[in-house]
Number of protein chains: 2
Amino acid sequence: MANNPDRDRTGKTTGSGGARVSIKTVADAAGVSIATVSRVLNTPSIVAEGTADRVLQAVRDLGYRPNLFAKGLMTRKSRVLGVSLPEWSGDSYAELMRGADHRARELGYHLLVTTNSHQPAGEGLPPAFALDLIDGMIAMVTSRAAQDIDALLELNMPVVLLTSNADKVGDDTVELDNYVGAHQAAHHLADGTDANRCYFVGGPATNRDAIRRAAAFRDALLERGHSVRADQINHGAWSFQWGWEWAGKLLEAGQLAGSAVLAGNDEIAVAISHRARDAGLSVPGDVRVVGFDDARVCPFLDPPLSSVRVPNRRIGVEAVSLLIRRIESPEAEPTRVRVPTRLVIRESSQY
Amino acid sequence: MANNPDRDRTGKTTGSGGARVSIKTVADAAGVSIATVSRVLNTPSIVAEGTADRVLQAVRDLGYRPNLFAKGLMTRKSRVLGVSLPEWSGDSYAELMRGADHRARELGYHLLVTTNSHQPAGEGLPPAFALDLIDGMIAMVTSRAAQDIDALLELNMPVVLLTSNADKVGDDTVELDNYVGAHQAAHHLADGTDANRCYFVGGPATNRDAIRRAAAFRDALLERGHSVRADQINHGAWSFQWGWEWAGKLLEAGQLAGSAVLAGNDEIAVAISHRARDAGLSVPGDVRVVGFDDARVCPFLDPPLSSVRVPNRRIGVEAVSLLIRRIESPEAEPTRVRVPTRLVIRESSQY
DNA sequence: CTGAAAGCGCTTACAG
DNA sequence: CTGAAAGCGCTTACAG
């Protein structure tokens, strides 16, 4: 198939005659001024009905679409929202993006997405040049470094922060309430297993989510009158690898059998579960396991994995809703939406 | 925390004095014309070194960033690429986006992403208004409907198609070679199991990937001199649900034990594997299973799942590379990149 | 090598 | 209700 002959050197649309159809073309066709065409498209209530009809007809006939660059030059709006995530991975972000995308479309916006895994400092900050094209941004901040948040708020553009429940937040924030679900899970584990044999195996010690989940775990055990040993709270990575290693160490120490584990995510939980079975232990008979995220696969794992549900999709929806509200009503009340987590019990943690 | 006082009503940056810093501001500060500032930024080789230094200094001092709308109005380029996917889900797309995002950054572009799951007709087409902001688009087409591809090619903008190996493709295409991996897998299964007991359990019958994988499976068995029965090729959905149901039916018919299955993706494979174990059958002892996609979790499943590897990340990288080449060199040779798949054998299909 | 000027395609006071 | 005109912030021939 050859190149499309209608495709010019710039790759942009050309009219059938070759001339680009601009607001002027439409104005001429409708016998009005370009100001009127603009009004019909932007503030139709101000223009006479008959005139509007003629203009609209011309717009349709010519297939006119306003040039967004010219429009943006005047209005300083692009209807594009930036989304900055730590990295592309897994079901969680997919769900979040699905929610965000659907909501954005509903409101006539688009999403410009980028990851910031490459920039150790300045997490959450996309490359500068994109900033001038977007009306605002949604940034996930997982690091505990407060300056990352400060940098975002200093952008002087509408920003919605996605973060774990934390002290320091922005004007508009969607907070994942890690605490409640992790707290429930810890109690659930301690209900069936001696608190001394309960463990938390989470992600990096620098990650807000991991920290918060660990805190909830610790608090729950304390509430039951158990002092928590240092070795009961473990930080590593969000990976199978880490879960496998941790379980291996506990196994060598002869401590895996009879334990109950709250994992920082489902991958870690699966790894621990498999390491246990590999050693001839049964789950949940010998080792009880609860994951975090409640990935779609959880009910289908063997055994079905208990997990703390994170409503990722809702996070995406809320973030977009907040951001667009801020963009369209700059004076709106700063809002903090807290999204809950909750324990879903399946076979892997039964007792 | 109160609203940032530096944030004006449009949400855009204001200089410390309140005035927006434009090319004019820089020109005045450097004692040159705006034309010279523009040249320093775009075609530095044309301007005297001393002048350039002064301008650059002013740019830095003032924190000047060109207005992208004004720039786009002249150049008709935004350095934003559209990416249209069927839906947000799973590891595959995350990997693809990761590759695309990294490559785009390297070349100074951004990604505007959207899904088209909501528009049954016109798959691959994003809402019209975004088209005017992007320099080109990457569209995944999974339907077999040829008109979807036609619609994309008629956009009169650079388009890179992501599709399964198929007859109908666009000028620039990244083709996933489903055939080779599925073909390998079918032979691998038939090597250890009577071809009469080999099955393919794929996604929807309307999906290009599913169709192609089925074709490879059928061809492999035919090559071995076995005629393929209709019940050996099964189309359903890309879900656990479907795999579970299919395995259940085979189980009821007393045909699950002794079978070997190539699943259309890893979810389906896991479902079949679990259904078999649920019925007291062993994998791979009684039922051999191979998945498709080779998700990160495969080595950690129980048993580790054989799967056909799909280099999603590379698809993303190639797509962006092709698109940017087309944008920057409209006359470049139309190119078709074929990305291979290959079987990764693990325990689930051992014999 | 540099500047004055035209022009990209819109929006929006300002008059009428 | 509508038009003429200014202006948004750039790029790029055209002169010099």
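The following exercises, each with a worked solution, concern a predicted model of protein chains with DNA strand C.

Residues are numbered from 1 along each chain as its sequence is written, and chains are lettered from A, with ligands numbered from 1, in the order in which they are written. In this predicted model, local features need pLDDT of at least 70 and side-chain atom pairs count only at pLDDT 80 or more, while totals for chains, interfaces and linings use all residues; side-chain values use heavy atoms, with hydrogens and water left out.

**Exercise 1. The surface near DNA strand C**

Determine how many residues surround DNA strand C and which elements supply them.

Solution.
1. A residue is near the strand if one of its heavy atoms lies within 4 Å of it. By this criterion 28 residues surround DNA strand C, and the closest are A:Ile23, A:Ser38, B:Thr36, B:Arg39 and B:Thr51.
2. Helices (H or I, at least four residues) and strands (E, at least two) are DSSP runs, numbered from the N terminus. In chain A, α2 (34-42) and α4 (68-75) each supply at least two residues of this surface, as do α2 (34-42) and α4 (68-75) of chain B.
3. The element that gives the most is α2(A), with five residues.
4. For the class count, Ala, Val, Leu, Ile, Met, Phe, Trp, Tyr, Cys and Pro are nonpolar, Asp, Glu, Lys and Arg are charged, and the others, Gly among them, are polar. The surface near DNA strand C then has 15 nonpolar, seven polar and six charged residues.

**Exercise 2. Polar contacts with the strand**

Identify which part of DNA strand C, phosphate or base, is approached by B:Thr36 and which by B:Arg39.

Solution.
1. A polar contact is a pair of N or O atoms within 3.5 Å; within protein, one must be able to donate a hydrogen and the other to accept it, and residues adjacent in sequence count only if both atoms are side-chain atoms.
2. B:Thr36 places a polar side-chain atom 2.5 Å from a phosphate oxygen of DNA strand C.
3. B:Arg39 has a polar side-chain atom 2.4 Å from a base oxygen of DNA strand C.
4. A:Ile23 uses a backbone N or O atom, which lies 2.7 Å from a phosphate oxygen of DNA strand C.
5. Of the strand atoms within 4 Å of the protein, 65% belong to sugar or phosphate, and the rest to bases.

**Exercise 3. Aromatic pairs in chain A**

Classify the ring pair of A:Tyr199 and A:Trp246, then that of A:Phe200 and A:Phe217.

Solution.
1. Rings of Phe, Tyr and Trp (its six-membered ring) pair if their centres lie within 6.5 Å; planes under 30 degrees apart count as stacked, over 60 as edge-to-face and the rest as tilted. Four aromatic pairs are found over all chains.
2. The centres of A:Tyr199 and A:Trp246 are 5.4 Å apart and the planes stand at 65 degrees, so this pair is edge-to-face.
3. This pair links distant parts of the chain: A:Tyr199 is in strand β6 (residues 198-202) and A:Trp246 in helix α10 (residues 240-252), 47 residues apart.
4. Both A:Tyr199 and A:Trp246 are buried, where buried means under 20% relative accessible area, exposed over 50% and partly exposed in between (1.4 Å probe, protein chains only).
5. A:Phe200 and A:Phe217 are 6.0 Å apart centre to centre with 40 degrees between the planes, and their pair is tilted.
6. A:Phe200 lies in strand β6 and A:Phe217 in helix α9 (residues 208-223), so the pair ties together parts 17 residues apart in sequence.
7. A:Phe200 is buried at a relative accessible area of 0%, and A:Phe217 counts as buried at 0%.

**Exercise 4. Backbone features and a buried glycine**

Locate the cis peptide bond of chain A, and describe the settings of B:Arg76 and B:Gly316.

Solution.
1. The bond from A:Val283 to A:Pro284 is cis, with omega near 10 degrees. A:Pro284 sits in the loop between α11 (266-278) and β9 (287-293) of chain A.
2. B:Arg76 is not a glycine, yet has a positive phi of about 60 degrees. B:Arg76 belongs to the loop between α4 and β1 (80-85) of chain B and is partly exposed, at a relative accessible area of 23%.
3. B:Gly316 is part of helix α12 (residues 312-328) of chain B and is buried, with a relative accessible area of 1%.
4. Residues up to four places away in sequence aside, B:Gly316 touches B:Leu96, B:Gly99 and B:Ala100, contact meaning heavy atoms within 4.5 Å.
5. B:Asp101 is 215 residues from B:Gly316 along the chain, and their C-alpha atoms are separated by 7.8 Å.
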